[in-house]
Amino acid sequence: MSEQKFKYQGIGREYQKQLLTAWYERLQNAKSEGRKVAYLFVPGNVAEFLRVFDFELVFPEVNALQCGVRKTSGDLILKAEDIGYSSDVCGYVKNDIGMMLQGNIGPSGTEIPKPDLLLCTYCGCTTFIKWFEALAHFYDVPLVMLDVPYMRDGEISDTDRQYIVEQLKELIPLCEKITGNKFDYDKLVEAMKHSAEAEDLWVQILHSAKHKPSPFDSYFEAVFFMAPIYVLRGLPECTDYYREALKEITERIEHGVGPIPDEKVRVVIEGPPPWPHFRAFWELLKHWGVCAVASSYSKVGGFWDHGFRHDYTKPFESIADYCLTCYTNQNLPMRTELLRSYAEEYSADAIVIHSVKSCRSFSVGQADMREQFIRKWDIPTLLVESDLADPRYFQAAQLKNRIDAFFESLEHKRLVHV
């Protein structure tokens, strides 16, 4: 593909790198420039709310996955295990603790500043609570729990929504005290507007995978495209990024090209990637012409493709709804139905489940999911296992055998039915 023919080729990946580099540089300089720092999680995060007080935001899971991609997570995990953390503890947690023990030098080589506030948005993952309790102990800083009720019946109740709204309002005086900045309602409204526009653009990118061939891999490419909407949401540069990224995807559609030159199989993928072996895992699927047209992981920070948008006309209620509906806060039948609906909506041939040893929020119930997909809906489903951060659990030969056997069988069935 010539650069003249494809004007926007690679812009999404390159622009994303620039934005993340700038973000890490801001974090490194935050303390010297007098800015306060808040740590929070990606699922159900209240970034727009904290930006009103000019907090710089740190997302420990993003640091952990970046360490995995750069193949430094293994040594960091061992450092945490050396002080007593079990091999069964979440790999992200141990990566974060290990990073802190060696001076909090982040994946980009820059220093991650000590938090002034730990805001734990409890959205279905109990590990979040213990993770931030540990950080509060090590850093000796305030820990605030934003308690998000579990999605019990699949619907948001007014009571649950108001419960979160009241917690946010109670948090305002503490944020004002830590930062010295007063709550500014107009600033919150502005951040919400930026978020909603970025979400609109991101959904257009996600929906592009309905085309055949798909111009976009909703798992292996999505993990790069989705980073700005998690760490920079509410800022104008986030919206600018998705405008440019959509241009690249639109151009791919116009020329009928995608990430898999010879797309043969369309799949929906469940579970986080094995970050230390990200490229190797992708190659195992690429070998069979597999393109991921939808995934649950690309929605771990928000179900915007199901219609949710941050609403500036009712910002507190909108933030509450966002917290309540994140993927890890939904029950197993809801998650199962989501994946089934993706298989239908995106014309997928199969579902691939990557079960993560140390992440119970994702892995619990996945075997039951697989049984339902196969027996109830007759959807071919492959389940493979490794870990999202610990490189010791990625057995390349075993994974290759299972993946090859599954797609060889799928190919044979197609030939039989021709």
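**Burial, salt bridges and a surface patch**

Trainee: Why does Arg-252 count as buried?

Mentor: Arg-252 has a relative accessibility of 13%. Buried means under 20% relative accessible area, exposed means over 50%, and partly exposed lies in between (1.4 Å probe, protein chains only). The 13% of Arg-252 is under 20%, and therefore Arg-252 is called buried. Please note that this is a predicted model, in which local features need pLDDT of at least 70, side-chain atom pairs count only at pLDDT 80 or more, and totals for chains, interfaces and linings use all residues. Residues are numbered from 1 along each chain as its sequence is written, and side-chain values use heavy atoms, with hydrogens and water left out.

Trainee: What makes Glu-221 and Arg-252 a salt bridge?

Mentor: A salt bridge requires a side-chain nitrogen of Lys or Arg within 4 Å of a carboxyl oxygen of Asp or Glu. The closest N and O atoms of Glu-221 and Arg-252 are 3.0 Å apart, so the pair meets the definition. Glu-221 is in the loop between helix 8 (185-207) and helix 9, and Arg-252 is in helix 11, 31 residues apart. Helices (H or I, at least four residues) and strands (E, at least two) are DSSP runs, numbered from the N terminus.

Trainee: Why is Glu-221 described as buried or exposed?

Mentor: Its relative accessible area is 11%, so Glu-221 is buried.

Trainee: Lys-31 and Asp-116 also meet in a salt bridge. How do you know which of these terms, buried or partly exposed, applies to Lys-31 and which to Asp-116?

Mentor: Lys-31 is partly exposed because its relative accessibility is 38%. Asp-116 has 17% and therefore counts as buried. The N to O distance of this pair is 2.6 Å.

Trainee: What parts does the salt bridge of Arg-233 and Glu-48 tie together?

Mentor: The side chains of Arg-233 and Glu-48 meet at 2.5 Å, N to O. Arg-233 lies in the loop between helix 10 (227-231) and helix 11, and Glu-48 in helix 2 (residues 47-51), so the pair ties together parts that are 185 residues apart in sequence.

Trainee: Why can Phe-138 belong to a surface patch?

Mentor: Patches are made of residues with over 30% relative accessible area and no salt bridge; like charges are joined within 9 Å, and nonpolar side chains (Val, Leu, Ile, Met, Phe, Trp, Tyr) within 5 Å. Phe-138 has 36%, which is over 30%, so it meets the area cut-off. Ile-83, Leu-101 and Phe-138 make a nonpolar surface patch of about 250 Å², with areas from the Shrake-Rupley method (1.4 Å probe; for residues, only the protein chains shown count as cover).
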